[in-house]
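Dear colleague,

I am passing on the structure that we spoke about, and I would be glad if you could look through it alongside the notes below.

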Amino acid sequence: MSIESKQALLHRMVTPEHICPFGVKSLELLQRAGYQVEDHQLATRSEVDAFMQEEGVQTTPQTYIDGKRIGGYDELVVFLGEK
């Protein structure tokens, strides 16, 4: 018998020049809350820009749970009841 795990999808910037600190914090927060995280690392500026345009958002990271966009780090903190 298996226990269903909580799943989250995280899109965050991880380029050779810059690792977004809010992406790292979001990943750690999700893991602490017991989520299995599918970590999509956006490795170039063009990948980041394309993601933001496709999703209609202005920042990364962006977290999705159960197919619903939660938002960036601040929204994730609120969603998880950390603030």
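What follows goes from the overall fold to the nonpolar cores and then to a few single residues.

Please keep in mind that this is a predicted model, in which local features need pLDDT of at least 70 and side-chain atom pairs count only at pLDDT 80 or more, while totals for chains, interfaces and linings use all residues. Residues are numbered from 1 along each chain as its sequence is written, and side-chain values use heavy atoms, with hydrogens and water left out.

The protein chain has three helices and four strands, where helices (H or I, at least four residues) and strands (E, at least two) are DSSP runs numbered from the N terminus. Read from the N terminus, their order is β-α-β-α-β-β-α. The radius of gyration, taken over C-alpha atoms, is 13 Å, close to the 12 Å from the globule rule for 83 residues, so the chain is as compact as a globular protein of that length; the rule itself is 2.2 Å times the number of residues to the power 0.38. Along the principal axes, the C-alpha atoms fill a box of roughly 45 × 30 × 25 Å.

Of the 83 residues, 37% count as buried, a term that stands for under 20% relative accessible area, with exposed meaning over 50% and partly exposed lying in between (1.4 Å probe, protein chains only). Taking contact to mean heavy atoms within 4.5 Å, residues 24 or more positions apart account for 62% of the contacts with a separation of 6 or more.

Turning to the interior, the largest nonpolar core has 11 residues, including Ala-8, Leu-10, Leu-27, Tyr-35, Ile-65 and Val-77; such a core is a set of buried Ala, Val, Leu, Ile, Met, Phe, Trp, Tyr and Cys residues joined through side-chain atoms within 4.5 Å. Strand E1 (6–13), helix H1 (21–32) and helix H3 (73–79) are the elements that give two or more residues to this core, and H1 supplies the largest share, three residues. Apart from this core lies another, of eight residues, among them Met-13, Cys-20, Val-48 and Phe-51. Leu-80, which belongs to the largest core, touches Leu-29, Leu-30, Ala-33 and Tyr-35, not counting residues up to four places away in sequence.

Two residues of helices H1 and H3 may be read together. Ser-26, in helix H1, is buried, with a relative accessible area of 0%, and, leaving aside neighbours within four places in sequence, Ser-26 is in contact with Leu-10, Pro-61, Tyr-73 and Leu-76. Tyr-73, in helix H3, counts as partly exposed at 21% relative accessibility; with residues up to four places away again not counted, Tyr-73 touches Phe-22, Lys-25, Ser-26, Leu-29 and Pro-61. The C-alpha atoms of Tyr-73 and Leu-29 are separated by 9.2 Å, although these residues are 44 residues apart along the chain.

The loop between E1 and H1 holds both Thr-15 and Glu-17. Thr-15 counts as buried at 10% relative accessibility, whereas Glu-17 counts as exposed at 70%. Neighbours within four places in sequence aside, Thr-15 is in contact with Leu-42, Ala-43 and Thr-44, while Glu-17 and Thr-44, 27 residues apart in sequence, are 9.2 Å apart in space, C-alpha to C-alpha.

With best regards
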